[in-house]
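Thanks, everyone, for making the time today. I would like to walk you through the inside of this protein, beginning with a pair of aromatic rings and then moving outward to the packing around them.

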Amino acid sequence: MSKDMNESSETKNTEKHNSDLILTIDNGTQSVRALLFDLKGNLLAKSRIELDAYFSKNPGWAEQNADYFWQMLGQCCQQLWQQNEVIENGYRERVTAVTVTTQRGTVINLDKNGQALRPAILWLDQRLCQDNQAMPWYWRLAFFLIGQSKVVDYFRRKSQANWLEQHEPDVWKNTDKFLLLSGFLTHRLTGQFKDSVGSIVGYFPFDYRKQNWAKTWDWKWHALPVKRSMLPSLVKPGEVLGAITRDAAAHTGLKVGTALIASASDKACEVLGSGCISPEMASLSYGTTATINTNNVKYVEPQAFIPAYPSAIPDHFNSEVMIYRGFWMVNWFKQEFGQNEIDKAQTLGVSAESLFDQLVAQVPPGSMGLMLQPYWSPGLKNLEAKGAIIGFGDVHTRAHIYRSILEGLAYALREGKENLEKRQKCKIKRLIVSGGGSQSDAALQLTADIFNLPAHRPHTFETSGLGAAINAAVG
């Protein structure tokens, strides 16, 4: 074959490869999204369905039917294929890989037939165990000597597996597989009991340093009733989890046999999608939970005995500081005190966020002494902390409260930044802000001012979806 023919063949193969598309399914807390990316990271089309985040049978509980997630995933995909732009450009036929990224820490019990035994327990759930059996004396002594007895006790009390064994023993007895939402959706799509290393965040017998299930001698097997046979096999981000089955293809509209590529949890994918691949860059997420993350080659605990989570980059780690109920507080304010702006935005045909930005602009930095402590849900290191807004005076208005919420969150994340710098022995020089709150110009400017650092937005709002698509593209 001549040189010209070789070059022509390579050009055609390159053109064909460049036309390939990736479908990312992003199953968050408040919505599920089906996102089509090309191999340059451009978002070509998307479909979004709002979720009923959870229901509560008792105060503090947060549950959702497992099949509800599966049904909404299918509807979201089918809705995507019906869009005119998708049909006209033949996008559906060009999808060569699919990947799934999900909310973290939501667990599902399956029986031996792969059917859910009870509703999923979401990461937002606040139930605690009360009477865990004592661990072996040598582990108790070890935790006492290193001053971590309370942390381990909270781990055991917070574990959904311990609660289920104690309060729903029949369910636990019949549990054949105990999966995260990511593992459940992987099984529904491929029939395989597999999950990504990058998705394992929760109360499991997992070795975060080694990024694998814990060794048989590890204390977590004594702290939890989970057996190894109940857990999925793990693959690294970018590796194949399986192929879309005939039933899953009918449900989602994907082609039978399409490869499902492992990505990672939504937060880990958000870090990658924001381009934060070195510890000098911090990924700030203004989402339901506000977080600050850095990506490290080494295992760097953000606080002593709080693990670094698996990164969306294989064999890397995300050191993360969380502010529970982060931008949920902003949404709370809008629902309780912002109906005027919401109604006005509909009348004017503008976004409600732009009007809330005007509220922030009415108030000087510092909110005239009004301060918010953003501990509306306790963290692992401040179990007794309570949220508060303090410093009220007759000068304060709704606008001051709104700005104080943004400032309180930003200062809490700045404290996280300073802790991360100490732990990783590396200064953070740049901020990439994503999540729903990042769309507010006022929040972004306020963040840059409080951190005294440049704050940037990624080129797409869908950073977790983009990070997952990067994993799929590598795969």
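Let me start with Trp213, which counts as buried because its relative accessibility is 8%, and please keep in mind throughout that what you see is a predicted model. Its partner is Phe206, which is buried as well, with a relative accessible area of 0%. The rings of Phe206 and Trp213 make an edge-to-face aromatic pair, with 5.7 Å from centre to centre and 85° between the planes. Both residues belong to a cluster linked by ring pairs, which also takes in Trp172, Phe178, Phe204, Tyr208 and Tyr309.

The structure holds 18 aromatic pairs, and one of another geometry is Trp139 with Phe143, which is stacked, at 5.9 Å centre to centre and 20° between the planes. These two residues are 4 apart in helix 4, residues 137–145, and so they are separated by about one helical turn; both are buried.

Arginine also meets aromatic rings here, since Arg127 lies over the face of Trp61, at 3.7 Å from the ring centre, and over the face of Trp163, at 4.4 Å.

Turning to the nonpolar packing, the largest core has 43 residues, and Leu23, Ile25, Leu36, Leu80, Trp81 and Phe184 are those with the most contacts inside it. Helix 2 gives the most to this core, with 10 residues. If we set aside neighbours within four places in sequence, Leu80 is in contact with several residues, among them Leu23, Ala34, Leu36 and Val86. There is also a second, separate core of 42 residues, which includes Tyr286, Phe327, Ile401 and Leu406.

Key:
Residues numbered from 1 in each chain as written. Predicted model: local features only at pLDDT ≥ 70, side-chain atom pairs only at ≥ 80, totals over all residues. Heavy atoms only, no water. Core = buried A, V, L, I, M, F, W, Y, C linked by side-chain atoms within 4.5 Å. Buried < 20%, exposed > 50% of the residue type's maximum accessible area, 1.4 Å probe, protein only. Contact = heavy atoms within 4.5 Å. Phe/Tyr/Trp six-rings, centres within 6.5 Å; stacked < 30°, edge-to-face > 60°. Lys NZ or Arg CZ within 6 Å of the ring centre and 35° of its normal.
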